[in-house]
Amino acid sequence: AWQKVAGGRRMDPKEGGVLAAVAAEREVIAAEEDIVPHFLLPDEVVLLLAGHAPRQRRDLEADRRFNHRAIHRHGPRWLDAIGRGLDTPLKRAPSRPPPGPELEAVAALLMLLVQDIALREGLAPPLLVKRDALLNAVRDTPQTVEDFATAAELGGWRGELLAGPLWALLTGSMRVSCEMAGMAGIKLRFG
């Protein structure tokens with residue numbers, strides 16, 4: 001649940017632990033009250049709780065930024081969640097180094113094929129796949145088209161449309177060539 005809170009990824013491990021616990025508690029309370037979690041307690045207030053980590057009820061009541069109906073109504077639960085979060089700092093996976101120019105070039109080439117397919121199908125390329133998803137898939141060095149589709153987040157009809165051609169280009173069974181197109185410049189051909 002904490003991954004959905006905008007700005008949460010920039011917090012240190014201690015604040016991140018509090019954020020994770022408070023966000024999880026927000027989900028539980030929202031489910032009990034049959035309300036959207038963000039409507040129960042906005043992300044901004046969740047981030048404030050994580051950043052300031054008040055430990056006692058009077059700390060909640062003394063800070064007017066915490067003057068929110070859900071905080072007053074469920075104060076002990078928020079304080080318990082903060083305590084749990086402080087006891088369990090968030091462990092984050094080590095960040096990956098930035099991709100090298102070769103991987104960037106491969107991702108760009110794959111996106112050119114996506115744009116070509118999108119144009120033929122009358123679709124907007126951003127609806128099909130995100131460049132970062134392709135970049136991450138290539139970084140993971142998938143061994144099968146299925147692994148590639150999963151890593152690139154190509155499920156359902158997107159996978160049916162894109163996985164085969166992208167895998168063919170990635171593995172060398174599809175070629176790309178440039179063709180001079182007069183005034184239009186250069187046209188890429190995939191085949």
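This tour moves from the whole chain to a few selections worth making in the viewer.

**The whole chain**

Begin with everything displayed, and keep in mind that the model is predicted. If you colour the protein chain by pLDDT, the mean is 88, and 94% of the residues reach 70 or more. Among the elements, helix α11 (residues 156-171) has the highest mean pLDDT, at 95, whereas strand β2 (residues 186-190) has the lowest, at 84. Where pLDDT is low, the predicted coordinates should not be read in detail.

Switch next to a cartoon view, in which the protein chain shows 11 helices and two strands. Following the chain from the N terminus, you pass through the helices before you come to the strands, since the order of elements is α-α-α-α-α-α-α-α-α-α-α-β-β.

Now turn the model about its principal axes, along which the C-alpha trace spans about 75 × 35 × 35 Å. The radius of gyration of the protein chain is 24 Å, while a compact globule of 191 residues would have one near 16 Å. With a surface displayed, the accessible area comes to about 11,500 Å², and carbon and sulfur atoms contribute 56% of that area. Of the 191 residues, 36% count as buried. Among contacts with a separation of 6 or more, 55% are between residues 24 or more positions apart.

**Glu25 and its arginine partners**

Select Glu25 together with Arg77 and show their side chains, which form a salt bridge whose closest N and O atoms are 2.8 Å apart. Glu25 belongs to helix α1 (residues 13-33) and Arg77 to helix α6 (residues 75-87), so this pair ties together parts that lie 52 residues apart in sequence. How buried or exposed are the two partners? Glu25 counts as buried, because its relative accessibility of 11% falls under the 20% limit, while Arg77, at 26%, counts as partly exposed.

Keep Glu25 in view and add Arg84, whose side chain meets that of Glu25 in a salt bridge of 3.0 Å, N to O. This pair also links distant parts of the chain, with Arg84 in helix α6 and Glu25 in helix α1, 59 residues apart. Arg84 is partly exposed, with a relative accessible area of 41%.

**A pair within one helix**

Move on to helix α4 (residues 57-62) and select Arg57 and Glu61. Their closest N and O atoms are 3.2 Å apart, and the two residues form a salt bridge. Because Arg57 and Glu61 are four residues apart in this helix, about one helical turn separates them. Arg57 is partly exposed, at 31% relative accessibility.

Returning to the earlier group, add Glu32 to the selection, and you will have Glu25, Glu32, Arg77 and Arg84, which salt bridges with shared partners join into one network. A search of the whole structure finds 10 salt bridges.

**Helix α9 and its neighbours**

For the last stop, select helix α9 (residues 131-139), where Ala133, Leu134, Leu135, Ala137 and Val138 are buried. What do the buried residues of α9 pack against? Show α7 (101-121), α10 (145-151) and α11 alongside, for these are the helices against which they pack. Finally, step along the chain to Thr141, just after α9, where the backbone takes a positive phi of about 45 degrees.

Definitions and conventions:
Residues numbered from 1 in each chain as written. Predicted model: local features only at pLDDT ≥ 70, side-chain atom pairs only at ≥ 80, totals over all residues. Heavy atoms only, no water. Salt bridge = Lys/Arg side-chain N within 4 Å of Asp/Glu carboxyl O. Buried < 20%, exposed > 50% of the residue type's maximum accessible area, 1.4 Å probe, protein only. pLDDT = per-residue confidence, 0-100. Rg over C-alpha atoms; globule rule 2.2 N^0.38 Å. Contact = heavy atoms within 4.5 Å. Areas by Shrake-Rupley, 256 points an atom, 1.4 Å probe, with all protein chains shown as cover.
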